[in-house]
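Student: I'm new to this one. Could you show me how to read it, a feature at a time?

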Amino acid sequence: MKRRIDSALIVAAMLFSTGCVQQIPIQTQFNNAEHEFANKPGKATISGQAFMRRNDGVVVYAAGSPVYLTPQTPYTMEAFNRSASATGPVVFTNPDARLKDYTRVTQTNGEGRFTFSGVPDGPFIVATTVHWMAGDMRQGGDLTKLFVVTNGQGHDIIMTR
């Protein structure tokens, strides 16, 4: 299922969330032509499961979390790399709203499993979150995975850290 979503949410899904929020501009210009492959019909099925293991060994699944499938382009890779190298959550000050036109979203089931069908060949980023409460503290975080679809071959992705 492909739903349109706010581009700020897509970029936020690529964040590692701890500490103070940092406001960062994206330097790379958004180029529609670099993203268009993501909207072509494809044959691949991308499935996966997202989870984290707490310190006490209990596995927490990304139950009910949105999962974003975004094309890997210079624009999205800058956002990915800048948020991954930050020391806390990032808010991009100038996200391009056109990114939502090239992003698919689905929702995980109770075991953190998800599926995207009809994915075309090309490089992609898949992102989701796993969170739980320990007392009054929110724990867990965001999970991202980079992969490339080639010759219509699907992927089964395990997302954890």
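Tutor: Sure, let's start with contacts, meaning heavy atoms within 4.5 Å. Among the contacts in this protein with a separation of 6 or more, 79% join residues 24 or more positions apart. Keep in mind that this is a predicted model: local features need pLDDT of at least 70, side-chain atom pairs count only at pLDDT 80 or more, and totals for chains, interfaces and linings use all residues. Residues are numbered from 1 along each chain as its sequence is written, and side-chain values use heavy atoms, with hydrogens and water left out.

Student: Where does Phe37 sit, and which residues does it touch?

Tutor: Helices (H or I, at least four residues) and strands (E, at least two) are DSSP runs, numbered from the N terminus. Phe37 lies in the loop between helix 2 (32-35) and strand 2 (44-53). Leaving out residues up to four places away in sequence, Phe37 touches Pro71, Gln72, Thr73, Pro120, Asp121, Gly122, Pro123 and Phe124. Take Pro120: 83 residues separate it from Phe37 in sequence, yet the C-alpha atoms are 7.1 Å apart.

Student: Why does Phe37 count as buried?

Tutor: Buried means under 20% relative accessible area, exposed over 50%, and partly exposed in between (1.4 Å probe, protein chains only). Phe37 counts as buried because its relative accessibility is 17%.

Student: How much of the whole protein counts as buried?

Tutor: Of its 161 residues, 44%.

Student: And what does Phe147 touch?

Tutor: Again skipping residues up to four places away in sequence, the partners of Phe147 include Ile46, Leu69, Phe124, Val126 and Ile157.
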